[in-house]
Amino acid sequence: PLFVDVNERGLIEGEFDKPIIAVDLYGKMAEVKAPFIVEDAAEVFGKLPYYGDIVCFSFFYNKIITVGQGGACLTNDESLAKEMKLLRHHYYDGTSYYHLKDGYNVSQSGIHAAIGLAQLERADEILEKRKVLGERYVKELGAWECDAYWYQPYLCETKNEKEKLKKHLEEKGIATRDFFTLLHEQPPFEEKLLLLEMPIAKDLSERGLLLPLYSTMTAKEQDYIIESVKEILDK
C-alpha cells in the first residue's frame, strides 16, 4: 500500500492518477478525485453526496446504524454489484454448485438483516438526534463540525493536554477514545514503511480525542460531559 498524509481535518484531499481508498474520517467526508475510488464511509451514514465508485458502510455495534457486526458495500455500477454479490457468498449464483472463482462467506444472517431494516426505518430520527448532540458539542466546546455525527472528534492543543483531559474524564466516569494509530506505524506495515513521514497525521493522532456521542444520549448526560471538559479548559 501507498499511504499519503492528510489535511488538518484528518482527510486526504486532491486529485490522484491511481485508484484509491479514501476514508471519511470521524464523520467528515473526504474531497478527492481519482480514476476509481473505494470510499470508506464506516463513520459517515446519512443522506450525503457519496463520491465513491464503491461505498463501504460498517454496521458494527458502535456505528450510526448497527446490526451488531458486518457492513455493506454500495455501488451504482451493475457489473460491480453483480461481482460483489457473488463474492460475498462463495461465488455462488444460487442456481448450481458451480463456483467460477474463489469467494467468501460474508453474507449476513436474516436476523441481522431484519435488525438493520428496522434501524433504517428509524434512520431520520437517529440522524437528527445525533446532529443535535454534535452541533451542541461544536457550539459549547469548539469541537469538529461533521457531515454526520458518530463519536465527537475533539482536538486538544497538545499531546499533554489530551492526556490530561482523557485522565480527567476517566476519573469522572466518562469513556473516551484516542484518534486512530497511524497505519504505517502498525506491525503489518512498520518494517517497510516506518521511515515514512506523515507529520500532519502524526500530530492529529497524538492530540485527538473522541468524546461520547450516541443516539440515546440524554441532555443531562451531555451536560455532564461538557461541564467535565470545561473543568479542564478553565484551569
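Which residue forms a salt bridge with Asp203? In this predicted model, the partner is Arg207, and the closest N and O atoms of the two side chains are 2.7 Å apart. Both residues sit in helix H6, and because they are four residues apart there, about one helical turn separates them. Asp203 is partly exposed, with a relative accessible area of 29%, whereas Arg207 is buried at 13%. Side chains of opposite charge can pair when their charged atoms come close.

The pair in H6 belongs to a wider set, as a search of the whole structure finds 11 salt bridges. One of them joins Lys101 to Glu83, with 3.4 Å between the closest N and O atoms. Lys101 lies in the loop between H1 and helix H2 (110-121), while Glu83 lies in helix H1, so this contact ties together parts that are 18 residues apart in sequence. Lys101 counts as partly exposed, at 46% relative accessibility, and Glu83 is also partly exposed, at 28%.

A further salt bridge is formed by Glu140 and Lys230, whose closest N and O atoms are 2.8 Å apart. Here distant parts of the chain are linked: Glu140 is in helix H3 (residues 123-141) and Lys230 in helix H7 (residues 219-233), 90 residues apart. Glu140 counts as partly exposed at 32% relative accessibility, as does Lys230 at 27%. Elsewhere, salt bridges link Lys162, Glu163, Lys166 and Asp178 in a network.

Attention now turns to the pockets. Rolling a probe the size of a water molecule over the atoms shows where empty space is left. The largest pocket has a volume of about 1000 Å³. Its lining is made up of 33 residues, and those nearest its centre are Phe3, Val4, Ile12, Val23 and Leu183. Strand E2 (20-23) and helix H6 (199-207) are the elements that give two or more residues to this lining, and E2 supplies the largest share, four residues. Helix H6 thus appears twice in this account, as a contributor to the pocket lining and as the home of the Asp203 and Arg207 pair. By class, the lining of the largest pocket holds 23 nonpolar, five polar and five charged residues.

The second largest pocket encloses about 560 Å³ of space. It is lined by 17 residues, of which Gly71, Ala72, Cys73, Arg88 and Val106 are the closest to its centre. Two or more lining residues come from each of strand E6 (71-74) and helix H1 (78-87). This lining divides into 10 nonpolar, five polar and two charged residues. Helix H1, a contributor to the second largest pocket, also carries Glu83, the partner of Lys101.

Methods. Residues numbered from 1 in each chain as written. Predicted model: local features only at pLDDT ≥ 70, side-chain atom pairs only at ≥ 80, totals over all residues. Heavy atoms only, no water. 1 Å grid on protein atoms, 1.4 Å probe; cavity = no way out; pocket = protein on both sides within 12 Å on 5 of 7 lines; lining within 4 Å. Points joined across faces, edges and corners; volume = space filled by probe spheres on them. Nonpolar A, V, L, I, M, F, W, Y, C, P; charged D, E, K, R; others polar. Salt bridge = Lys/Arg side-chain N within 4 Å of Asp/Glu carboxyl O. Buried < 20%, exposed > 50% of the residue type's maximum accessible area, 1.4 Å probe, protein only.
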